Amino acid sequence: MTTYDIAIIGAGPAGLSAGITARARNKETIIISNKFENSPLAKSKIVDNYPGMPHTSGFEMLDTMTAQARNLGCAFMNARVITVLPIKNADTTTFSITTGSEVVEAKALIMATGSSTGAKAIDGETEYLGRGVSYCATCDGMLFRNATVCLIGLSSDAEEEALFLAELGATVHYVVPEESAAAASEESAAAASEASATESAAESNAKGNAESADKINQPNITTYTATVLAIEGDALGVTGVRIKEADTEGDLETTIPCQGVFILRPSVAPSSLLSALEIKDDFIQTDAAKKTNLAGVFAAGDCTGKPHQIAKAVGEGQLACFSAVEYLDAL
């Protein structure tokens with residue numbers, strides 16, 4: 001396994017700026033992130049407030065930055081980071097970073113995870129984490145082979161994870177929170193509006209919905225559109241998920257009995273990745289040099305606070321990298 005000098009979590013402007021600077025300082029660097037195409041910035045039609053790149057789409061901006069970092073030698077991994085484990089050695093600390101399928105090791109870590117979605121933990125999530133609650137079906141799915149599980153889909157790869165669990169023989173209750181269903185509907189409508197001239201928007205939308213339904217329509221998968229109220233359990237672990245379905249009125253609630261719960265968000269909160277990381281008001285706390293309270297861990301961009309601007313993120317990414325390089329050179 002390759003041990004990188006610097007691992008960067010996040011491939012937005014802050015993370016890419018840090019990666020570009022790290023390669024300019026000849027540090028072996030890997031950037032770990034979901035595909036940038038799924039980020040809010042990539043979906044921005046026009047960005048007009050970044051110097052030197054006027055009237056540019058967010059996609060074009062990120063594509064250009066990504067190509068620059070890649071050409072300079074940054075390694076990239078498209079994956080959701082699940083955990084970060086500091087490993088204390090005789091004189092130094094390295095960081096073991098686990099994704100759904102691989103483990104990466106680095107001597108220094110830069111958090112560039114973007115702003116918090118504001119999503120709060122589900123009642124019972126923290127209490128039963130590791131006792132039935134997981135953030136990664138690929139990692140922990142085998143533990144629930146032939147069991148009954150709930151998958152709470154808040155990310156774009158939730159359907160694939162539901163199918164993966166079903167293939168393992170699990171009975172899957174696939175819960176799509178109402179806000180996620182609404183967002184997916186809006187994206188589908190937007191894609192339909194850009195359909196080719198040979199296919200009407202309505203035809204395109206219907207076709208996409210049918211393909212999605214066919215894909216997830218498996219005998220051992222039941223789909224719900226619902227508000228997730230709580231994860232329930234006992235001394236042994238998870239026993240069920242309490243929901244309120246979108247098409248019910250009043251206070252009618254349902255509890256789905258299950259032995260495991262997979263919560264798939266676009267990213268795991270920094271505080272869940274590194275429990276000792278100092279967080280205040282959902283933002284990673286840093287000093288002026290972008291150092292966190294943990295030695296060897298730095299942070300930049302929207303995850304450190306407002307203003308949420310590209311120029312600020314790029315500058316902080318560079319500054320965090322300068323601090324990481326200084327830290328490494330002193331080892």
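**Figure 1. Thr304 and Lys312 meet through their side chains.** A polar contact of 3.3 Å joins the two side chains. (A polar contact is a pair of N or O atoms within 3.5 Å; within protein, one must be able to donate a hydrogen and the other to accept it, and residues adjacent in sequence count only if both atoms are side-chain atoms.) The model is predicted: local features need pLDDT of at least 70, side-chain atom pairs count only at pLDDT 80 or more, and totals for chains, interfaces and linings use all residues. Residues are numbered from 1 along each chain as its sequence is written, and side-chain values use heavy atoms, with hydrogens and water left out. The side chain of Thr304 also reaches the backbone oxygen of Gly301, at 2.8 Å. Thr304 lies in the loop between β16 (297-299) and α8 (310-329). (Helices, H or I of at least four residues, and strands, E of at least two, are DSSP runs numbered from the N terminus.) Is Thr304 buried or exposed? Thr304 is buried, with a relative accessible area of 16%. (Buried means under 20% relative accessible area, exposed over 50%, partly exposed in between, with a 1.4 Å probe and protein chains only.) Leaving out residues up to four places away in sequence, Thr304 touches Phe283, Ile284, Thr286, Lys290, Ala299, Lys312 and Glu316. (Contact means heavy atoms within 4.5 Å.)

**Figure 2. Met111 sits in the largest nonpolar core.** This core has 41 residues. Val84, Leu109, Met111, Ile231 and Val261 touch the most other members. (A nonpolar core is a set of buried Ala, Val, Leu, Ile, Met, Phe, Trp, Tyr and Cys residues joined through side-chain atoms within 4.5 Å.) Beyond its neighbours within four places in sequence, Met111 is in contact with ten residues named here: Ile9, Pro270, Leu273, Leu277, Ile284, Val297, Phe298, Ala299, Ala300 and Cys303. A second, separate core holds 33 residues, including Met61, Ala69, Cys74 and Tyr327.

**Figure 3. The cysteines form zero disulfides.** The search covered the whole structure. (A disulfide is a pair of cysteine sulfur atoms within 2.5 Å.) Cys74 is in no disulfide. The nearest cysteine sulfur to Cys74 belongs to Cys321, 8.8 Å away. Cys74 is buried, at 6% relative accessible area. How far is the sulfur of Cys258 from the closest cysteine sulfur? The distance is 3.9 Å, to Cys150, which is too far for a bond. Cys258 is buried as well, with a relative accessible area of 2%.

**Figure 4. Seven strands build an open sheet.** Their order is β7-β13-β8-β9-β10-β11-β12, and the pairing is mixed. (Two strands pair if DSSP finds at least two bridges between them.) At the edges are β7 (133-134) and β12 (254-257), each pairing on one side only. β7 and strand β13 (residues 260-264) pair in the parallel sense over two bridges. Ser134 has Phe262 of β13 as its bridge partner. Strands β8 (residues 148-153) and β9 run parallel, joined by five bridges. Here Val149 is bridged to Val172 of β9. Six of the seven residues of β9 (residues 171-177) are buried, so this strand is largely enclosed by the rest of the structure.

**Figure 5. Helix α4 leads into a loop that holds Leu168.** The loop lies between α4 (158-167) and β9. Seven of the ten residues of α4 are buried, so the helix is largely enclosed by the rest of the structure. Those buried are Ala158, Glu159, Glu161, Ala162, Leu163, Leu165 and Ala166. Leu168 also counts as buried, at 11% relative accessibility. Leaving out residues up to four places away in sequence, Leu168 touches Gly141, Met142, Arg145 and Asn146. The C-alpha atoms of Leu168 and Gly141 are separated by 7.6 Å, although the two residues are 27 apart along the chain. Just after α4, Gly169 takes a positive phi of about 95°.

**Figure 6. Thr99 lies buried in strand β5.** The strand spans residues 93-99. Thr99 has a relative accessible area of 1%. Not counting residues up to four places away in sequence, Thr99 touches Ile32, Met77, Ala79, Arg80, Val81, Ile82 and Cys139.
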